[in-house]
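Here are some exercises to work through with the structure at hand. Try each task yourself before you read its solution.

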Amino acid sequence: MSPQKKHKLDDDRAAISSHLEHTAYIKRITNETKIQVAISLTGGDISLPSSILNKTYDRTPDAKSQTICIHTGIGFLDHMLHALAKHSGWSLIVECIGDLHIDDHHTCEDVGIALGEAFHEALTAHGPIRGVKRFGYAYAPLDEALSRAVVDLSNRPFAVVELGLKREKIGDLSCEMIPHVLESFATSARLTMHVDCLRGFNDHHRSESAFKALALAIKDSLSSTGKDDVPSTKGVLM
């Protein structure tokens, strides 16, 4: 085997190993919702044990590609979570059967909780967080809207979300639930998170730019420092 081919094979093995180390599957069932989440923080192939919605998902053989399939029963929530996964570099499958005959509160809150639990489990599956920046920030525009997100992999859950939304709903998603999804995610993921929409007049754009900014900030916080230390004076995170 040539040195070039061996080097590529080693790189592929490293990518696959990293993919396996940062995956999680969560199933959350209450009297109000039934949810399952599969996530890989590094993209690549993921799957569910079985679909609660009787869906079939295409498998990807490419460790560097993304699988993103979101089915919450709320179209605009699906759209926001798809943007979050896409720009974070995740592969993500979310399925939810919720009591939407009541309203969207339980579905939104529980999806945020389950996603946060899956993120935390994937991040810490093999021990303390090491070798990453820990802090991340990003700005993301969408036409006239501009949002900023700052995150800390702190193990101190706290969220400040100021989007300045004016409409009652976007599609079938109540605007009051959009910050609550992010707050629920931050609590379960054990993140400190500040997300602000700085300007914009279209609530769709304001919301989407916020989710994209958060995705980029999370990706930034998980970027490698080239070291193997725990990024905390306490000596441990998460």
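Strands are DSSP runs of E with at least two residues, numbered from the N terminus. Keep in mind that this is a predicted model.

**Exercise 1.** Find where Asp143 lies, and decide whether Asp143 is buried or exposed.

*Solution.* Start with the place: Asp143 belongs to the loop between strand 5 and strand 6 (145-152). Next, take its relative accessible area, 65%. Exposed means over 50%, so Asp143 is exposed. Finally, look at the backbone: phi of Asp143 is near 55°, a positive value in a residue other than glycine.

**Exercise 2.** Do the same for Asn54: in which loop is Asn54 found, and is Asn54 buried or exposed?

*Solution.* The loop runs between strand 2 (33-40) and strand 3 (68-71). With a relative accessible area of 73%, Asn54 is exposed. Phi is positive for Asn54 too, near 60°.

**Exercise 3.** Which residues form a nonpolar patch on the surface with Tyr137?

*Solution.* First locate Tyr137 in strand 5 (residues 135-142). Its relative accessibility is 55%, so Tyr137 counts as exposed. Its partners in the patch are Tyr139, Val150 and Leu198, and together the four have about 400 Å² of accessible area.

**Exercise 4.** Now go inside: which residues of the largest nonpolar core touch the most other members?

*Solution.* Among the 57 residues of this core, the answer is Trp90 and Phe119. Helix 3 (residues 105-124) gives the core its largest share, eight residues. Away from its neighbours within four places in sequence, Trp90 has contacts that include Ile39, Leu115, Phe119 and Ile218.

Notes
Residues numbered from 1 in each chain as written. Predicted model: local features only at pLDDT ≥ 70, side-chain atom pairs only at ≥ 80, totals over all residues. Heavy atoms only, no water. Patch = residues over 30% accessible without salt bridge, like charges linked within 9 Å, V, L, I, M, F, W, Y side chains within 5 Å. Areas by Shrake-Rupley, 256 points an atom, 1.4 Å probe, with all protein chains shown as cover. Salt bridge = Lys/Arg side-chain N within 4 Å of Asp/Glu carboxyl O. Helix = DSSP H or I, 4+ residues; strand = E, 2+ residues; numbered from the N terminus. Buried < 20%, exposed > 50% of the residue type's maximum accessible area, 1.4 Å probe, protein only. Core = buried A, V, L, I, M, F, W, Y, C linked by side-chain atoms within 4.5 Å. Contact = heavy atoms within 4.5 Å.
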